[in-house]
Amino acid sequence: MRNTSFLPALLMILPLAATASGEVVYEKHCAQCHSKGDVNVPQIGSLEQWKFRSGYGPKSLLYSVKNGHNIMPSHGDVLKDEDMAAAIDYIVSKSGGWAKK
């Protein structure tokens, strides 16, 4: 008979490991463009460039990341919603935070 007493503990930590941190997702999928601040690409850390974008709220930004926006390609086919949301929150938090409505 197999010892399965570890399964409940393993199942509790799997969701934590399944979602990457916002910084990790940013470094892998976003930094190439958003660290430079090219034309029409808001640079991480720029309050001026992110203030109005963050004002649209997390759902709107998630939609843009998932489906693509202007020159940004869609990421919905390679990232989970939770990972995209974590990256968005990381970028916004490093860029002045979410705009107050």
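**Helix H4, its salt bridge and the largest pocket**

Okay, Lys 66 first: at a relative accessible area of 32%, Lys 66 is partly exposed, and Asp 81 is partly exposed as well, with its relative accessibility at 32%. One thing before I go on: this is a predicted model.

So, those two residues make a salt bridge, with 3.1 Å between the closest N and O atoms. Lys 66 sits in helix H4, residues 58–67, and Asp 81 in helix H5, residues 81–93, so the pair ties together parts that are 15 residues apart in sequence. The count of salt bridges comes to one.

Let's stay on H4. Which residues of H4 are buried? Those are Leu 61, Leu 62, Ser 64 and Val 65. They span an arc of only 160° around the axis, so they end up on the same side of H4. That buried set packs against H3 and H5. Flip to the face turned away from the buried side, and you get Lys 59 and Tyr 63, which are exposed. Then, just after H4, Gly 68 has a positive phi of about 90°.

Now the pocket. The largest pocket has a volume of about 590 Å³. It is lined by 27 residues, and the closest to its centre are His 34, Pro 42, Trp 50, His 69 and Met 72. Where does the lining come from? Helices H2 (22–34), H3 (47–55), H4 and H5 each put in at least two residues. And the make-up, for anyone thinking about chemistry: 17 nonpolar, nine polar and one charged.

Methods:
Residues numbered from 1 in each chain as written. Predicted model: local features only at pLDDT ≥ 70, side-chain atom pairs only at ≥ 80, totals over all residues. Heavy atoms only, no water. Salt bridge = Lys/Arg side-chain N within 4 Å of Asp/Glu carboxyl O. Helix = DSSP H or I, 4+ residues; strand = E, 2+ residues; numbered from the N terminus. Buried < 20%, exposed > 50% of the residue type's maximum accessible area, 1.4 Å probe, protein only. 1 Å grid on protein atoms, 1.4 Å probe; cavity = no way out; pocket = protein on both sides within 12 Å on 5 of 7 lines; lining within 4 Å. Points joined across faces, edges and corners; volume = space filled by probe spheres on them. Nonpolar A, V, L, I, M, F, W, Y, C, P; charged D, E, K, R; others polar. Arc of directions from axis to C-beta. Contact = heavy atoms within 4.5 Å.
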